[in-house]
Amino acid sequence: MQDKPVVIGVAGGSGSGKTSVTKSICQRFSDKTILVIEQDYYYKDQSDLPFEERLKTNYDHPLAFDNDLLIQHIHDLLNHKSIDKPVYDYKVHNRSKEVITVEPKDVIILEGILILEDPRLVDLMDIKVFVDTDADLRIIRRLLRDIKDRGRSLDSVIDQYLNSVRPMHLQFVEPTKRYADIIIPEGGENHVAIDIMATKIADILSKNKENSLNKSIEK
Ligand code: CTP
């Protein structure tokens, strides 16, 4: 393990393809190299609220996230400590009781709609990426995914999109594009962009390795 893990932020609107971009990057490295941390898993714990109330939460507002815990966990990983990562269940709109203990790796990919909205998180990132996909494609993907995987009805997805996802995207997500080092149009299908990212990551890793070797020789 090298001196300091590399932190890469992958932001972008809901349904933009952050997960595909992240998966495509991971596929280019060994399983031991990249750890993925999803901001979604750090939604605030809502165990004290009944299900009906949790349905009303605005999950696209920055205040829905427990960024304090997320930041603490990134710091721990940067200091080579393991973390107890929360697990999120979209069907019940809450964290599960279980946590997963994960060990630090050389590269940490932090993925989520609002990771570039909190300057404390931005400060921890070495590379910032924004996946930029047109709204029509994002809503189609979201409809298909939420109905298939997240236990939602067509009406509820449309309702949520118009009342919170879209306005919050325009207010909070889209403006963070300006903080990105790289803007990737059309997400996971953009193989050129993925290749460029993978090359950059490999370059940073080999430079870090060289630096650690030099340091150990100097000692
Ligand atoms: N969300 C929800 N219900 C919850 C918690 C979150 O509907 N209980 C929704 C929020 O409305 C938010 C979205 O989850 O817009 C965030 O996930 P999203 O970015 O769509 O999924 P990813 O797989 O992380 O990203 P991508 O679709 O870009 O691959």
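User: What makes the contact between Asp68 and Arg120 a salt bridge?

Analyst: The term requires a side-chain nitrogen of Lys or Arg within 4 Å of a carboxyl oxygen of Asp or Glu. The side chains of Asp68 and Arg120 meet at 2.9 Å, N to O, so the pair qualifies under that cut-off. The model is predicted: local features need pLDDT of at least 70 and side-chain atom pairs pLDDT 80 or more, while totals for chains, interfaces and linings use all residues. Residues are numbered from 1 along each chain as its sequence is written, and side-chain values use heavy atoms, with hydrogens and water left out.

User: Why can the pair of Asp68 and Arg120 be said to tie together separate parts of the chain?

Analyst: Asp68 belongs to helix H3 and Arg120 to helix H4 (residues 119-122), and the two are 52 residues apart in sequence. Helices (H or I, at least four residues) and strands (E, at least two) are DSSP runs, numbered from the N terminus.

User: Why is Arg120 called partly exposed?

Analyst: Its relative accessible area is 41%. Buried means under 20%, exposed over 50%, and partly exposed lies in between (1.4 Å probe, protein chains only), so Arg120 takes the middle class.

User: How many salt bridges does the whole structure hold, and how do you know that Lys85 and Glu38 form one?

Analyst: The search finds 15. The side chains of Lys85 and Glu38 meet at 3.0 Å, N to O, which satisfies the salt-bridge rule. Lys85 sits in strand E3 (residues 83-89) and Glu38 in strand E2, 47 residues apart. Both residues are buried.

User: Where in the chain are the partners of the salt bridge between Arg95 and Asp66, and why does Arg95 count as buried?

Analyst: The side chains of Arg95 and Asp66 meet at 3.2 Å, N to O. Arg95 is in strand E4 (residues 94-102), and Asp66 is in the loop between helix H2 (51-54) and helix H3 (67-78), 29 residues away. Arg95 has 17% relative accessibility and therefore counts as buried.

User: Which residues are linked in a network of salt bridges?

Analyst: The network links Arg142, Arg145, Asp146 and Arg150.

User: What makes strand E5 mostly covered?

Analyst: E5 spans residues 107-111, and 5 of its 5 residues are buried. Val107, Ile109 and Glu111 point one way, Ile108 and Leu110 the other way, and all of them are buried.

User: How do you know that E5 pairs with E1 and E2, and in what sense?

Analyst: Two strands pair if DSSP finds at least two bridges between them. Strand E1 (residues 6-12) is joined to E5 by 5 bridges and runs parallel to it; Gly9 has Leu110 as its bridge partner in E5. Strand E2 (residues 34-38) also has 5 bridges to E5, in the parallel sense, and there Glu38 is partnered by Glu111.

User: What makes the nonpolar surface patch, and why can Ile158 be part of it?

Analyst: Ile147, Leu154, Ile158 and Leu162 form a patch of about 350 Å². Patch residues have over 30% relative accessible area and no salt bridge; nonpolar side chains (Val, Leu, Ile, Met, Phe, Trp, Tyr) are joined within 5 Å, like charges within 9 Å. Ile158, at 36%, is partly exposed, so it passes the area cut-off. Areas come from the Shrake-Rupley method with a 1.4 Å probe. Ile158 is found in helix H6, and H6 (residues 154-173) gives the most to the patch, with 3 residues.

User: What volume does the largest pocket have, and which residues are closest to its centre?

Analyst: The largest pocket holds about 770 Å³. Of its 35 lining residues, Thr19, Asp40, Glu111, Arg145 and Arg150 are the closest to the centre. Helix H1 (18-27), E2 and helix H5 (135-149) each give two or more residues to the lining, and H1 gives the most, with 6. On a 1 Å grid over the protein atoms alone, a pocket is an open set with protein on both sides within 12 Å along at least five of seven lines, a cavity is a set of points where a 1.4 Å probe fits but cannot get out, and lining residues have an atom within 4 Å of a point.

User: Why is Gln27 called exposed?

Analyst: Gln27 has a relative accessible area of 65%, so it is classed as exposed. Gln27 is in helix H1, and its C-alpha is 9.6 Å from that of Ala198, although the two are 171 residues apart in sequence.

Definitions and conventions
Points joined across faces, edges and corners; volume = space filled by probe spheres on them.
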